[in-house]
Amino acid sequence: MSKLQTNTIQHTANGAAVFTLPQTDGSAGQVLRTDGSGNLSWVDDQKGKILQVVSVSDSVRESTGSITLTNASTYYDTPFTVTITPSASSSKILLMGHVMGEATINDYLILWSIKRAISGGATTNIQAPTVGNRPPCISVIPQGIYISEQTSTPATITFAGLLDSPNTTSAVTYTFQVRAPQNSSVGFYYNRSVGDSNAADNERGLSWITAQEISG
């Protein structure tokens, strides 16, 4: 039986890299990894593992304020935004978050979406496709309580398992956005109720967005 013995391999194309093979076999399930200079080594397969987790700071998640949704056709940024830099273009980004707040109209009239901005690249919205005049979104805010009063009845938006494939190793910023497609000049108050007097029926809350890089 013939046997091929070599320390390096090179592609037949002119100028192609030369790869140096490891001297020993790896363990079961390991894969070959290059250091970018042609040196190959055995490493554990990281596919499906959490590589990093980033979230908003305490000061951001505790912040209170309001956003005026001036134009019915526009999504507006909230302060709840997170930036993550994938270590590989094959990585997936798992998003989760929670927003507490109240609008000056009924909760179910407020839509939400996630804006994805790639540094040096495109800015897009993660949401349903546009179909005719139907406003695209991820979801509406669940109606917490249905009464005509909109000053002390905040609602929450909680999401988990939103998986994105940015296909980049550049920094990616995800921003929670809100919109009122049937109304103009609507106020959205975050981490508080619209009314904010020192009373037990005007709650304060926390809001955040978290991103995890999952090895692809």
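Buried residues account for 35% of the 216 residues in the protein chain of this predicted model. The secondary structure comprises one helix and 15 strands. With a radius of gyration of 24 Å, well over the 17 Å that the globule rule gives for 216 residues, the protein chain is more spread out than a compact globule. Its C-alpha atoms fill a box of roughly 85 × 40 × 30 Å along the principal axes. Contacts across the sequence are well represented: of the contacts with a separation of 6 or more, 77% are between residues 24 or more positions apart.

We can now turn to the interior. In soluble globular proteins, nonpolar side chains tend to be buried together. Here, the largest nonpolar core has 32 residues, and Leu69, Ile110, Ile114, Tyr174 and Phe176 have the most contacts inside it. Two or more residues of this core come from each of strands E6 (65-69), E7 (76-84), E8 (92-103), E9 (111-118), E12 (155-164), E13 (172-179), E14 (186-190) and E15 (208-214).

Phe176 offers a good place to look around within this core. Leaving aside residues up to four places away in sequence, Phe176 touches Tyr76, Asp77, Thr78, Phe80, Val99, Trp112, Ser113, Ile114, Ile157 and Phe159. Two of these neighbours, Trp112 and Phe159, join Phe176 in one aromatic cluster. The model holds four aromatic pairs. In the pair formed by Trp112 and Phe159, the ring centres are 5.0 Å apart and the planes meet at 35 degrees, so the pair is tilted. This pair links distant parts of the chain, as Trp112 lies in strand E9 and Phe159 in strand E12, 47 residues apart. Trp112 is buried, at 4% relative accessibility, and Phe159 is buried too, with a relative accessible area of 8%.

Another neighbour of Phe176 is Thr78, which is placed in strand E7. Because its relative accessible area is 7%, Thr78 counts as buried. The side chain of Thr78 reaches the backbone oxygen of Phe176 at 2.8 Å. Beyond residues up to four places away in sequence, Thr78 touches Ile67, Thr175, Phe176, Gln177 and Val178.

Strand E12, home to Phe159, also contains Thr156. What is the burial class of Thr156? At 37% relative accessibility, Thr156 counts as partly exposed. The C-alpha atoms of Thr156 and Val99 are separated by 5.6 Å, although these residues are 57 residues apart along the chain. Val99 is also among the residues that Thr156 touches, together with His98, Met100, Ile141 and Pro142, when residues up to four places away in sequence are not counted.

His98 leads on to strand E15, where its bridge partner is Trp208. Strands E8 and E15 pair in the antiparallel sense over seven bridges. E15 is also joined by five bridges to strand E5 (residues 50-55), again running antiparallel, and Val54 stands opposite Ala211 in E15. Strand E15 is mostly covered, with six of its seven residues buried, and this strand is one of the elements giving two or more residues to the largest nonpolar core.

Terms used:
Residues are numbered from 1 along each chain as its sequence is written. This is a predicted model: local features need pLDDT of at least 70, side-chain atom pairs count only at pLDDT 80 or more; totals for chains, interfaces and linings use all residues. Side-chain values use heavy atoms; hydrogens and water are left out. A nonpolar core is a set of buried Ala, Val, Leu, Ile, Met, Phe, Trp, Tyr and Cys residues joined through side-chain atoms within 4.5 Å. Buried means under 20% relative accessible area, exposed over 50%, partly exposed in between (1.4 Å probe, protein chains only). Helices (H or I, at least four residues) and strands (E, at least two) are DSSP runs, numbered from the N terminus. Contact means heavy atoms within 4.5 Å. Rings of Phe, Tyr and Trp (its six-membered ring) pair if their centres lie within 6.5 Å; planes under 30 degrees apart count as stacked, over 60 as edge-to-face and the rest as tilted. A polar contact is a pair of N or O atoms within 3.5 Å; within protein, one must be able to donate a hydrogen and the other to accept it, and residues adjacent in sequence count only if both atoms are side-chain atoms. Two strands pair if DSSP finds at least two bridges between them. The radius of gyration is taken over C-alpha atoms; the globule rule is 2.2 Å times the number of residues to the power 0.38.
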